[in-house]
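Got the viewer open and a selection box ready? Let's take a walk through this one, stop by stop.

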Amino acid sequence: MKKLLLGNAAVARGAYEAGVRVVASYPGTPSTEITEEIVKFDEIYAEWSPNEKVAAEVAIGASIGGARAMSCMKHVGLNVMADPVFTVSYTGVGGGLVFCVADDPGMHSSQNEQDSRHYAEAAKIPMLEPSDSSECKEFTKMAFALSEKFDTPFFIRLSTRVSHSQSLVELCEREDAPLKDYEKNIPKYVMMPANAVKRHVFVEERMNALREFAESSDINALENNGSEIGVITAGIAYEYAKEALGERADFLKLGMVYPLPEKKILDFVKAHKKVYVIEELDPVIETFCKSVGADVIGKDIFTLLGEYTPNMIKAAVLGEAAPRSVSASEPIPVRPPVMCAGCPHRGTFYVLKKLGLVVSGDIGCYTLGAVAPLASVDTTICMGASVSAALGMAKARGAQFNKKLVSVIGDSTFMHSGITGLVDIVYNKGNNTVIILDNSITGMTGHQDNPTTGRTIRGEATKQVDLIKLCQAVGIEHITVADPFDVKNFEKVVKTEVERDEPSVIIAQRPCALLKTVKYSGRCGITDKCRNCKVCMKLGCPAISVKNDKVVIDATQCNGCGLCVNVCPFGAIEKEETV
Amino acid sequence: MTKNIMIVGVGGQGTLLASRILGNTLIREGFDVKVSEVHGMSQRGGSVVTYVRYGDKVYSPIIDKGDADIILAFELLEAYRALPYLKEGGKILINNQKMDPMPVITGAAIYPENIEDKISAVANATVIDALMLAKKAGTTKAVNVVLIGLMARESDIPYEKWVETVKTTVPEKFLEVNLRAFDLGYNS
């Protein structure tokens, strides 16, 4: 049976068919749906881990325990889990072990555009790169088998357009991959120097075996169309190149992007007059080609930035112009993402902006607190940095600056890597104020549960991390829970806590407006008490705008959250109940 | 020959359901299909674009400028933004709903006037009031299905095939209102 599947769903299907038993991940666009799809298979143990490092270690443990196991993450998540990854390369695996990493060329939903293929070479872990959903499934299955054959973890590398495109996939039955017997094996699994020295020898031998595999396997496929032009490519770039050039070029499509097949590449280059390497982001394949003496054209004509398109390739390789098109004769306003109507973060940032504080920000929906008119967030680096970077700022600039400084971090992000920063504040005598934006869910990636929600990935009730007790245990003595929609009180709390000469935590508690359990009713409307002061416009609510110099509320966008009612100094906004 | 359909709108308008119905209908017709969506941050009230491509064999999941046979626009400004993607001789189907983006709300930019006329002057455009039709069907939430109905009319796939997919894609309890919405779009 053929089915239209997202690349991510196809990876999940491949893992299922390969008999995977354990999948542990942390959500991150564009990888999230892989693990969400895994949950649909009852045979598989799945979890949202607190962060990617923990997730990778759970998968590693499961593999050592004899099961086929997988961990999925976005590109920056691979940075978080790099530590165990580099060493499990040495230990090798018990059951097949796959790390599926999704890059985001064009940064649709990311803070950088790193190319994860560098990790494969650095960690000496082979990497497969599918170019459509069908290959997503096949390559994932293959990766599990090869992982066991070569005693190595495998990377699957995706990119946004592979992860989030649907194409046809042939579904098969689940293989029986029995749990292997557990065997204690100290030289293989205890990586102290004496053992690791020997395992490094094994890793280098394994690399040689994998290089031979890359030469002989048809995962690196030749496509001969009798052309003088040759194209070496992989992943989504293959689809673009094929669309652009069709049968006007020969292709060497690399399904395995590390290690690369030296001889196959040299033969291909020799057989063609001109050879292009077409790859998004960094010149990984190109650099390899040049290092083995292959004369290829790559980043001289193709950009290092963002996503490619077929027309871009057609222009670069064939010199053909793009098709004619019409466009607007005037500037079109951009439409950046904004916090939803009813978003609890809006109340928080309204207050922080009003108080003129420096805001050390983090990764989540609340990064949108940097967008006008709130424009409150000062920094966004990576998960958890809001807390630790604020300590650094305070240490650099002193006590007075610290009284104008707060960190903001979501509940899930706090569990991910904010706690260690908070420990640092207490341990090293910082006086920072950290605001935990507790919206009862992991919002940005589309509502995943986390250790603070009291539910597992399967929605089962579980113990809930108590943020108050946790902060107390770390040594924070001033913890206040406040509703960010009660703006008067919230402002008072923030003022008090930043003034304090001791560290403090404010838990800004109000659930995400998109949660099914959140039911705001009615719509907000402007009454004739309005004096047109436009304080409500400072909220940056998508439902409130100015038409003919009068503030109006768009009833189709308003969800009746009532935050504007709370900020209006003249009581001119009222909730109207609707049927 | 590969056909290209682009669905554009604002995050939260239900473009993903539209592309799902479209994709499933095309598979039933035996085409090779690729649907490229946008998830994550840009869904939060930002511009969203979905590409649907079908034919004997489809490679690229994305559509380039000047290559779209049909653009289905859920919002006026997004229709205007997507215009350069329209192929010469292609059709653009537009919902006349206006949603101010944040730069317009804050006064940093101006929402262009008379977009319908400007697009119609340079392209083959059909403009409908899908919000009104959705209300008529019974819920403002069915705007996306009204628009799918409109697109179905412009396609070379028979009416019954579309209805079949709507029936299998939409939850049972919302089926009746969605079928009404589909018909109102189809006959608009």
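Start by selecting Leu6(A) and look across to S8(A): the residue standing opposite is Gln166(A). Keep in mind throughout that this is a predicted model.

Now widen the selection to both strands. S1 of chain A covers residues 2-6, and 5 bridges join this strand to S8(A) in an antiparallel arrangement. Toward another part of the ladder, Lys2(A) sits opposite Glu170(A) of S8(A).

**Crossing into chain B**

Stay on Gln166(A), and bring up chain B. In S2(B), the bridge partner of Gln166(A) is Val35(B). Select Ser165(A) as well, and you'll find Ser36(B) as its bridge partner in S2(B). Together, S8(A) and strand S2 (residues 32-36) of chain B are joined by 2 bridges and run antiparallel.

Which order do the strands follow once you show the whole sheet? The 8 strands go S1(A)-S8(A)-S2(B)-S3(B)-S1(B)-S4(B)-S5(B)-S6(B), forming an open sheet with mixed pairing. The edges are S1 of chain A and strand S6 (124-128) of chain B, each pairing on one side only. On average, neighbouring strands here are turned by 20 degrees against each other, direction ignored.

While you're in chain B, pick helix H6 (residues 143-154): this helix lies across strand S4 (68-73), strand S5 (86-95) and S6 of chain B, and runs at about 145 degrees to S5(B).

Next, colour the contacts between the chains. You should get 46 residues of chain A touching 51 residues of chain B. On the chain A side, S8 (165-170), H11 and helix H14 (310-318) each supply at least two residues. Colour that side by class, and there are 24 nonpolar, 15 polar and 7 charged residues.

**The domains of chain A**

Hide chain B for a moment and colour chain A by domain: domain 1 is 2-216, domain 2 is 220-318, domain 3 is 345-509 and domain 4 is 523-576. If you drop a marker at the C-alpha centres of domain 2 and domain 4 of chain A, they lie 55 Å apart.

**A four-stranded sheet**

Select S9, S10, S11 and S13 of chain A. These 4 strands make an open, mixed sheet in the order S9-S11-S10-S13. Its edge strands, each pairing on one side only, are S9 (220-223) and S13 (274-278) of chain A. The twist from one strand to the next averages 15 degrees.

Zoom in on S9(A) and strand S11 (residues 250-254) of chain A, which run antiparallel with 4 bridges joining them. One pair to click on is Ala221(A) with Lys253(A), its bridge partner in S11(A).

Now add the helices. H11(A) lies across strand S10 (229-233), S11 and S13 of chain A, at about 160 degrees to S10(A). Helix H12 (residues 262-270) of chain A lies across S9, S10, S11 and S13, at about 155 degrees to S10(A).

Back on strand S13 of chain A, find Tyr276(A). Is this residue buried or exposed? Tyr276(A) has 24 C-beta neighbours inside 10 Å, so it counts as buried. Leaving out residues up to four places away in sequence, Tyr276(A) touches Val231(A), Val296(A), Ile297(A), Gly298(A) and Val317(A). For a long jump, measure across to Glu477(A): the two are 201 residues apart in sequence and 62 Å apart in space, C-alpha to C-alpha.

**Cores**

The largest nonpolar core has 98 residues, and those with the most contacts inside it are Ala59(A), Cys100(A), Ile156(A), Ile232(A) and Ile285(A). Its largest share, 7 residues, comes from helix H11 (residues 235-245) of chain A. Domain 1 and domain 2 of chain A each contribute at least three residues to this core.

Click on Ile156(A) there; apart from residues up to four places away in sequence, Ile156(A) touches Val11(A), Val98(A), Cys100(A), Leu128(A), Phe139(A), Thr140(A) and Ala143(A). Then select a second, separate core of 67 residues, including Val359(A), Ile409(A), Ile425(A) and Met102(B).

**Last stop: S17(A)**

Select residues 433-438 of chain A, strand S17: 6 of the 6 residues are buried, so this strand is largely enclosed by the rest of the structure. Thr433(A), Ile435(A) and Leu437(A) point one way, while Val434(A), Ile436(A) and Asp438(A) point the other. Strand S16 (residues 405-410) of chain A pairs with S17(A) in the parallel sense over 5 bridges, and Val406(A) stands opposite Thr433(A).

Note on methods. Residues numbered from 1 in each chain as written. Chains lettered and ligands numbered in written order. Predicted model: local features only at pLDDT ≥ 70, side-chain atom pairs only at ≥ 80, totals over all residues. Core = buried A, V, L, I, M, F, W, Y, C linked by C-beta atoms within 7 Å. Buried ≥ 20, exposed ≤ 12 C-beta atoms within 10 Å, placed from the backbone. Domains from an automatic or database assignment. Contact = placed C-beta atoms within 7 Å. Pairing = 2+ DSSP bridges. Axes fitted to C-alpha atoms, helices over the stretch in contact; angles between N-to-C directions. Nonpolar A, V, L, I, M, F, W, Y, C, P; charged D, E, K, R; others polar.
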